[in-house]
Amino acid sequence: GLMASIDPLDRDNMISAVIHLANKDYASLVDDFINLNILPADSDRAAIIPLMDKALTPYVKGGGAKKYEEELLKLYGMEDGSMQSKV
């Protein structure tokens, strides 16, 4: 199988990110992403946190891809199957 060597600090930050994602702690997840260099240090936390909440909360609920799609369609007011958002 594919093997990779991960810096211990990066490994700890990835584990922390998974835990924060599972707990829907998006403020801490932003910190994890900054520590992992996924987001720049000067990121606008006030703008990012609500976007993470909106994008990730349906995913964290579980139920697989189909359930995630249903949650997103409902979130954007597109339950009728149209591609026109009512937001």
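# Briefing: core, helix contact and salt bridges

D12 is partly exposed, with a relative accessible area of 42%. D12 is also the partner of R11 in a salt bridge. The model shown here is predicted. The points below cover its largest nonpolar core, the contact of α3 with α4, its two salt bridges and two loop residues with positive phi, K24 and N37.

**Nonpolar core**

- The largest nonpolar core has eight residues. They are A17, Y26, L29, V30, I34, L39, I48 and M52.
- Two helices, α2 (26–35) and α3 (45–60), each give at least two residues to this core.
- The largest share comes from α2, with four residues.
- V30 is one of the core residues. Leaving aside residues up to four places away in sequence, V30 touches L39, R45, I48, I49 and M52.
- Among these contacts of V30, L39, I48 and M52 are also members of the core.
- R45, another contact of V30, takes part in a salt bridge with D31.

**Helix α3 against helix α4**

- Two packed helices are described by the angle between their axes and the distance between the axes.
- Helix α4 spans residues 64–75. Its axis and that of α3 come within 8 Å. They cross at roughly 140°.
- The crossing of α3 past α4 is right-handed.
- On the α3 side, the contact is made by K54, A55, P58 and Y59. On the α4 side, Y68, E71, L72 and L75 make it.
- By class, six residues of this contact are nonpolar and two are charged. No polar residue takes part.

**Salt bridges**

- How many salt bridges does the structure hold? There are two.
- One joins R11 and D12. Their closest N and O atoms are 3.8 Å apart.
- R11 lies in helix α1. Its relative accessibility is 41%, so R11 counts as partly exposed.
- R11 can also be placed relative to L36, which is 25 residues away along the chain. The C-alpha atoms of R11 and L36 are separated by 9.4 Å.
- The other salt bridge joins D31 and R45. Here the closest N and O atoms are 2.5 Å apart.
- D31 belongs to helix α2 and R45 to helix α3, so this pair ties together parts that are 14 residues apart in sequence.
- D31 has a relative accessible area of 34% and is partly exposed. R45 is partly exposed too, with a value of 31%.

**Loop residues with positive phi**

- K24 is not a glycine, yet it has a positive phi of about 55°.
- Where is K24 found? It is in the loop between α1 (8–22) and α2.
- K24 has 39% relative accessibility, so it counts as partly exposed.
- N37 is not a glycine either, and its phi is positive at about 60°.
- The loop between α2 and α3 holds N37.
- Is N37 buried or exposed? Its relative accessible area is 69%. That is over 50%, so N37 is exposed.

Key
Residues are numbered from 1 along each chain as its sequence is written. This is a predicted model: local features need pLDDT of at least 70, side-chain atom pairs count only at pLDDT 80 or more; totals for chains, interfaces and linings use all residues. Side-chain values use heavy atoms; hydrogens and water are left out. A nonpolar core is a set of buried Ala, Val, Leu, Ile, Met, Phe, Trp, Tyr and Cys residues joined through side-chain atoms within 4.5 Å. Buried means under 20% relative accessible area, exposed over 50%, partly exposed in between (1.4 Å probe, protein chains only). Contact means heavy atoms within 4.5 Å. Axes are lines fitted to C-alpha atoms, for helices over the stretch in contact, and angles run from 0 to 180 degrees between N-to-C directions. A crossing is left-handed if the near helix is turned anticlockwise from the far one by less than a right angle, and right-handed if clockwise. Ala, Val, Leu, Ile, Met, Phe, Trp, Tyr, Cys and Pro count as nonpolar, Asp, Glu, Lys and Arg as charged, and the others, Gly among them, as polar. A salt bridge is a side-chain nitrogen of Lys or Arg within 4 Å of a carboxyl oxygen of Asp or Glu.
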